[in-house]
Amino acid sequence: VKIGDVNTNNVPNGLMEVEERTLGTLLFDVTSSAKHSDIKPGDVFTVDFTADEKVLAYQFTMNFPDLDVLDIQPGEGMRDDHFAVFNEDHALTTSFEVPDNIETATFRITFRARAAGQLNKMLAVSSRITKAEAYTMTNDELTNDEITRLEVAFRFNSDGVFTIAPVGFELYQNTPNPWVHKTQVGFHLPETADATLTVYDEMGRALFSETAEFNQGYNAILIEHALLDAPGVMYYTLETPFGKATRKMVQAQ
């Protein structure tokens with residue numbers, strides 16, 4: 001298992017430049033050797049992830065706060081370096097450009113549980129480290145044979161009951177951080193909605209605020225030195241209909 005960042009830069013990013021319109025979701029069917037609803041501390045079990053359709057490429061972050069990764073078995077056409085494990089963040093990233101001769105992308109991970117829980121609550125798709133997205137070729141009148149972007153989600157089957165778990169509301173660490181001239185604040189919205197980003201100094205005084213409608217999926221707001229000339233530690237808060245989150249950033253001299 002490679003330890004590090006699969007794309008050599010620990011920030012959400014894209015595999016290729018594509019049409020930003022999202023036309024659907026790539027589902028990874030999640031099946032396990034463990035009973036989905038009855039995982040106990042210390043249990044060791046394998047989980048298979050199988051894409052439900054052929055795509056050109058995909059990438060995403062997987063969060064597993066109550067699990068440890070023991071082993072990763074790459075699928076056909078994959079290598080070990082298509083995965084990277086971030087033990088301190090309880091996450092891994094994967095990125096794969098699917099060869100033409102492979103119809104179904106699949107891989108297997110062996111976990112050990114550190115707490116009791118249900119599998120569909122212990123695994124989650126995220127854009128926290130690597131942006132969750134897939135790409136497919138469309139050939140209809142709307143897109144004129146263009147590469148288009150798909151969302152990514154997990155689909156769990158627990159005793160015949162299917163649960164789909166897409167990326168929810170997430171606020172990411174700004175990049176770069178610390179920053180001098182400009183920085184970017186990324187976030188993910190489960191649906192198109194209005195959102196407000198506010199930056200505060202250490203005393204809680206608002207230094208900058210922006211409200212706008214943002215698309216479903218990954219979004220980013222660029223903050224430049226001319227808008228926020230306040231070197232030192234600051235906090236930024238994103239308020240949305242789906243929740244509110246705050247992170248810390250540093251503007252260097």
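This is a walk through the fold, from overall make-up to individual residues.

The model is predicted. The protein chain has an average pLDDT of 87, and 88% of its residues reach at least 70. One stretch needs caution: residues 1-21 have a pLDDT below 50. Even so, that stretch makes 71 contacts in the model beyond near neighbours in sequence.

Start with the make-up. The protein chain holds one helix and 18 strands. It has 253 residues, and 43% of them count as buried. Many contacts span long stretches of sequence. Taking contacts between residues at least 6 apart, 71% join residues at least 24 apart.

Now turn to strand S6, residues 91-97. Six of its seven residues are buried, so the strand is mostly covered. S6 has antiparallel partners in S3 and S5. Strand S3 (residues 57-63) runs antiparallel to S6 and is joined to it by seven bridges. Find Thr 61 in S3, and Thr 93 stands opposite in S6. Strand S5 (residues 83-86) is also antiparallel to S6, with four bridges between the two. Here Phe 86 has Ala 91 of S6 as its bridge partner. S5 and S6 form a hairpin, with four residues between them. In the turn sits His 90, with a positive phi of about 50°. As background, strands of a sheet pair through backbone hydrogen bonds, either parallel or antiparallel.

Next come the aromatic rings. A pair of aromatic rings is described by the distance of the centres and the angle of the planes. With centres within 6.5 Å as the cut-off, there are 14 aromatic pairs. One of them is Phe 49 with Phe 107, which is stacked, with 5.0 Å centre to centre and 20° between the planes. This pair links distant parts of the chain. Phe 49 belongs to strand S2 (residues 44-51), Phe 107 to strand S7 (residues 106-113), and the two are 58 residues apart. Both Phe 49 and Phe 107 are buried.

Compare that with Phe 154 and Phe 156. Their ring centres are 6.2 Å apart and their planes stand at 85°, so this pair is edge-to-face. The cut-off for edge-to-face is over 60 degrees. Phe 154 and Phe 156 are buried too. Ring pairs join these four residues into a cluster with Phe 28, Tyr 58, Phe 60, Phe 83 and Phe 96.

What about the nonpolar interior? The largest nonpolar core has 43 residues. Tyr 58, Met 62 and Leu 123 have the most contacts inside it. Tyr 58 is also part of the ring cluster. A second core is separate and has 17 residues, including Trp 179, Phe 187, Leu 189 and Met 234.

Follow the chain further to two open sheets. One has three strands in the order S12-S13-S16, with antiparallel pairing. Its edge strands are S12 (170-171) and S16 (217-224), each pairing on one side only. Strand S13 (residues 182-189) is joined to S16 by eight bridges. Within that pairing, Val 185 stands opposite Ile 221 in S16.

The other open sheet has four strands in the order S15-S14-S17-S18, again with antiparallel pairing. S15 (206-214) and S18 (243-251) are the edge strands, and each pairs on one side only. From one strand to the next, the twist averages 15°. Strand S14 (residues 193-200) and S15 are joined by eight bridges and run antiparallel. Look for Thr 196, whose bridge partner in S15 is Thr 211. In a regular strand the side chains alternate between the two faces of the sheet.

Finish at a loop. Asp 38 is found between strand S1 (19-32) and S2. Is Asp 38 buried or exposed? Its relative accessible area is 38%, so Asp 38 is partly exposed. Which residues does Asp 38 touch, leaving aside its neighbours within four places in sequence? Asp 38 is in contact with Asp 43 and Gly 117. The loop position also lies beside a remote part of the sequence. Gln 118 is 80 residues from Asp 38 along the chain, yet their C-alpha atoms are separated by 6.1 Å.

Terms used. Residues are numbered from 1 along each chain as its sequence is written. Side-chain values use heavy atoms; hydrogens and water are left out. Rings of Phe, Tyr and Trp (its six-membered ring) pair if their centres lie within 6.5 Å; planes under 30 degrees apart count as stacked, over 60 as edge-to-face and the rest as tilted. Buried means under 20% relative accessible area, exposed over 50%, partly exposed in between (1.4 Å probe, protein chains only). pLDDT is the predictor's confidence in each residue, from 0 to 100. Contact means heavy atoms within 4.5 Å. Two strands pair if DSSP finds at least two bridges between them. Axes are lines fitted to C-alpha atoms, for helices over the stretch in contact, and angles run from 0 to 180 degrees between N-to-C directions. A nonpolar core is a set of buried Ala, Val, Leu, Ile, Met, Phe, Trp, Tyr and Cys residues joined through side-chain atoms within 4.5 Å.
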